[in-house]
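Q: Hi, I'm new to this one and would love a friendly tour. Could you put it up on screen?

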Amino acid sequence: MVEVNFKKLSINNFSVKNHYLTIVRRFVQITAFLLINYYIIEWIFSINTYGLKGFASYFPILQSPRSGLSDEAGILEIIFFQGVNGIFPFLLIGIFIIMILLSNRGFCGWICPIGTIQDALSAIPVKKKKFKASTNKSLLKIKFFIITIIVIVVVPLGISINVNPTFYLDYKTNVSLLADKPIGFFSLSEFMFSSFPDVITEIWVSGGLGPLFTNPWVFIFFMFYIIIIILSVFYPRFYCRYFCPVGAFCSMISEQSFLKISRSPVKCVGRYECGVCEKVCPKQIRLLDEPFEFFSGNGECNLCLKCMEKCPYKAIQINFG
Ligand code: SF4
Ligand code: SF4
């Protein structure tokens with residue numbers, strides 16, 4: 001009987017052994033993408049998954065952003081949406097924090113459908129670019145600025161809804177759609193799964209570009225996200241790194257995670273002799289400047305494990321505890 005060792009399988013220059021972690025990650029990402037957007041499964045297999053709706057409601061992370069089967073979008077949007085309505089979502093915040101403590105930013109690297117789409121965009125074979133370290137550091141602050149804006153909108157609404165309904169209504173009118181969709185404007189998933197298909201459908205039906213210019217904000221956001229998508233081809237995980245509100249929250253907690261990546265001081269030969277790990281990191285993390293026992297790039301590492309896979313000296317390990 002012929003035994004196939006998949007770890008050693010080699011097709012031309014492509015070796016499964018050298019891409020083992022990437023292959024497993026891609027499999028998990030594609031599976032998660034289909035499960036999260038289970039209406040795609042309905043479409044492919046012509047089945048009705050409506051019966052899953054009640055079940056999926058208990059796992060907001062499984063809900064597809066604004067799909068026909070979803071009441072709401074991702075877990076952070078539900079947290080903010082409940083905040084606007086005066087509910088402090090202890091349970092969801094608890095689930096969110098526990099998820100990061102147990103799996104670090106594994107969700108970003110292995111599960112998030114928008115992360116998967118960005119990885120697909122960066123797989124387009126063009127020369128990848130990197131920002132100067134100082135520029136990268138400054139750009140990383142954008143997502144915290146976005147989160148601050150959302151909190152400034154949500155907290156006064158959540159507090160005033162019961163104690164000062166007049167203020168609540170005035171303030172809500174002033175912040176307008178930001179109160180209805182606290183994360184929506186800053187969400188690439190909202191754009192890709194909801195706004196973009198809507199606008200394209202309207203353009204198709206009307207037979208002209210008119211729907212793009214009905215409101216200046218429609219045009220501005222449309223172009224903004226198209227630019228982000230184009231930049232994601234050249235700068236891997238561009239949206240993740242600089243704009244994602246979920247990424248901002250995750251990076252604030254992930255340094256406390258039990259799941260950590262470390263580098264062996266005995267095996268690692270350093271940046272000048274090697275430096276492969278930093279070259280392959282899609283998030284431009286200067287991990288060789290960080291302590292051996294734990295690196296995270298200030299919470300930016302999304303555990304894609306590319307550095308671990310490519311390290312020629314097997315100096316990078318993943319630990320729990
Ligand atoms: S790839 Fe491995 S050996 Fe090379 S610098 Fe990075 S951790 Fe050290
Ligand atoms: S440091 Fe390693 S695991 Fe983290 S994002 Fe970079 S390549 Fe991926």
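Q: Let me start with a spot I just clicked: is arginine 237 buried or exposed, and why?
A: Arginine 237 counts as buried because it has 25 C-beta neighbours inside 10 Å. The rule is that a residue is buried if 20 or more other C-beta atoms lie within 10 Å of its own, exposed if 12 or fewer, and partly exposed in between, with C-beta atoms placed from the backbone.

Q: Before we go on, what kind of model is this?
A: This is a predicted model, in which local features need pLDDT of at least 70, side-chain atom pairs count only at pLDDT 80 or more, and totals for chains, interfaces and linings use all residues. Residues are numbered from 1 along each chain as its sequence is written, while chains are lettered from A and ligands numbered from 1 in the order in which they are written.

Q: And how does the pLDDT look for the protein chain?
A: The average is 83, and 83% of the residues score at least 70. pLDDT is the predictor's confidence in each residue, from 0 to 100.

Q: Where does pLDDT stay under 50?
A: One such stretch is residues 57-62, for which the model has 11 contacts beyond four places in sequence. Residues 64-72 are also below 50, and that stretch has 33 contacts in the model beyond near neighbours in sequence. Two residues are in contact if their C-beta atoms, placed from the backbone, lie within 7 Å.

Q: Back to arginine 237: where along the chain is that?
A: Arginine 237 sits in the loop between α13 (216-234) and α14. Its phi is positive, about 55°, although arginine 237 is not a glycine.

Q: How many helices and strands are there?
A: The protein chain has 17 helices and four strands. Helices (H or I, at least four residues) and strands (E, at least two) are DSSP runs, numbered from the N terminus.

Q: Pick one helix, say α5: what span should its 14 residues have?
A: At 1.5 Å a residue they should span 20 Å, and the end C-alpha atoms are 20 Å apart, which agrees. The expected span is 1.5 Å times one less than the number of residues in the helix. After α5 comes asparagine 104, with a positive phi near 55°.

Q: What's in the largest nonpolar core?
A: That core has 38 residues, and those with the most contacts inside it are Leu76, Phe80, Ile150, Val154, Tyr239, Cys244 and Phe249. Among the helices that each supply at least two of its residues are α4 (75-84), α9 (142-163) and α12 (188-206). The largest share, seven residues, comes from α4. A nonpolar core is a set of buried Ala, Val, Leu, Ile, Met, Phe, Trp, Tyr and Cys residues joined through C-beta atoms within 7 Å.

Q: What does valine 154 touch?
A: Leaving aside neighbours within four places in sequence, valine 154 is in contact with Phe80, Gly83, Val84 and Pro182. Apart from that core lies another, of 14 residues, including Cys277, Cys301, Cys307 and Cys311.

Q: Now the ligands: which residues are closest to ligand 1?
A: Cys268, Cys274, Val276, Cys277 and Cys311 are the closest of the 14 residues that surround ligand 1. A residue is near a molecule or strand if its C-beta atom, placed from the backbone, lies within 6 Å of it.

Q: And what surrounds ligand 2?
A: The residues around ligand 2 include Cys281, Lys283, Cys301, Cys304, Leu305 and Cys307. By class, that shell divides into nine nonpolar, one polar and two charged. Here Ala, Val, Leu, Ile, Met, Phe, Trp, Tyr, Cys and Pro count as nonpolar, Asp, Glu, Lys and Arg as charged, and the others, Gly among them, as polar.

Q: Is leucine 305 buried or exposed?
A: Leucine 305 is buried, because 20 other C-beta atoms lie within 10 Å. It lies in the loop between α16 (276-280) and α17 (306-310).

Q: What about lysine 128, buried or exposed?
A: Lysine 128 is exposed, with 12 other C-beta atoms within 10 Å. Not counting residues up to four places away in sequence, lysine 128 touches Phe234 and Pro236. Its C-alpha atom is separated by 6.1 Å from that of tyrosine 235, 107 residues apart along the chain.
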